[in-house]
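Biologist: Hi! Could you walk me through this model while I have it open?
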Amino acid sequence: MCRLLGVVSREPISLDQAVAEEIEPFTAQSEVHGDGWGVAWFQADDGERPRPGAIGGATGGLGNPRTPQIRRRLDVARESTAYRAAVHTATGPLMLIHLRKASPGSPLQIANTHPFREGETVFAHNGQFDLPPGLREAVLARGGRTPEGTTDSELFFSLIELHARDAEPATAVQRAAAELTALGLEYGTRVPEALNCLYMTPDLLVAYQQSDPAQARPHHTADNYSLRYRIDADRVIVASTGIPQAVYLEVGEGQALVVDRSDLGVSLRPRLAELTA
């Protein structure tokens with residue numbers, strides 16, 4: 001369900017250059033994950049450069065390095081000229097791509113197309129969870145971000161933004177995942193299938209991995225929900241599977257990878273105690 005790719009570069013560089021080796025195999029996965037795409041980035045403080053005209057689905061103002069730039073479309077990425085323009089226009093150091101494979105019954109509309117934005121943060125999800133009666137209402141009653149669409153993903157984002165009010169980003173993501181897991185069992189019968197996600201602020205990229213192998217679909221590969229990263233001298237890349245990843249490292253179950261924009265520093269936050277039972 002969906003594919004994720006995020007990169008933090010040391011210097012301002014276009015997305016298609018930052019992931020020059022990975023972009024084609026990643027984009028090719030839109031043959032399966034073809035229910036829309038989204039590109040988001042935070043440009044460098046001094047990284048302004050001439051940009052082409054606005055593309056449909058664009059949000060956010062230009063010129064403020066703390067305002068995320070987003071391009072989203074409903075077409076298939078590998079066949080989309082707008083997608084190619086977006087990955088060329090996107091200029092780091094913080095950038096991500098999401099290829100959507102919609103959950104059964106989820107409408108194909110821009111409001112349901114990742115990434116989602118709230119203020120200075122951006123979120124993209126790979127996975128899904130049940131929405132038994134009462135769960136959506138329980139999440140919204142917590143008072144987090146109000147979803148624009150109808151996806152389960154935006155409910156996850158709503159809880160993250162709620163926890164981000166009094167916790168740093170990685171902890172907020174982990175606490176939201178723990179709460180959503182508990183709510184899934186309270187209102188339904190099982191934990192989320194997967195809560196893999198990328199959460200990006202103007203200062204860092206968080207990559208979180210959580211999945212339940214027992215809910216794997218017949219068409220899933222064994223590493224379908226693996227999230228891997230690679231540290232190079234001039235960039236850190238994190239991606240779901242489906243592209244060559246021979247020298248990548250694994251984000252463990254329940255762990256949150258944090259990449260700092262200022263120095264490309266990488267840290268791996270351990271799984272929260274709430275998720276170890």
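Biologist: At the start of α6, what does the side-chain oxygen of Glu168 reach?
Modeller: In this predicted model, it comes within 3.1 Å of the backbone nitrogen of Ala170. Helices are DSSP runs of H or I with at least four residues, strands runs of E with at least two, numbered from the N terminus.
Biologist: And how many residues does α6 have?
Modeller: Helix α6 has 19, residues 169-187, and spans 27 Å from first C-alpha to last, close to the 27 Å expected at 1.5 Å a residue.
Biologist: What ground rules apply here?
Modeller: Local features need pLDDT (confidence per residue, 0 to 100) of at least 70 and side-chain atom pairs 80 or more, while totals for chains, interfaces and linings use all residues. Numbering runs from 1 along each chain, and side-chain values use heavy atoms, without hydrogens or water.
Biologist: Where does pLDDT stay under 50?
Modeller: Over residues 47-61. Where pLDDT is low, the predicted coordinates should not be read in detail. The protein chain has a mean pLDDT of 91, with 92% of its residues at 70 or more.
Biologist: New topic: which peptide bond is cis?
Modeller: The one from His114 to Pro115, with omega near -5°. Pro115 sits in the loop between β4 (93-99) and β5 (116-118).
Biologist: And what is the phi of Leu264?
Modeller: Leu264 has a positive phi, about 60°, although it is not a glycine. Leu264 is in the loop between β12 (256-260) and β13 (266-269).
Biologist: Lovely, thanks!

Technical notes: pLDDT is the predictor's confidence in each residue, from 0 to 100. Contact means heavy atoms within 4.5 Å. The expected span of a helix is 1.5 Å times one less than its number of residues. A polar contact is a pair of N or O atoms within 3.5 Å; within protein, one must be able to donate a hydrogen and the other to accept it, and residues adjacent in sequence count only if both atoms are side-chain atoms.
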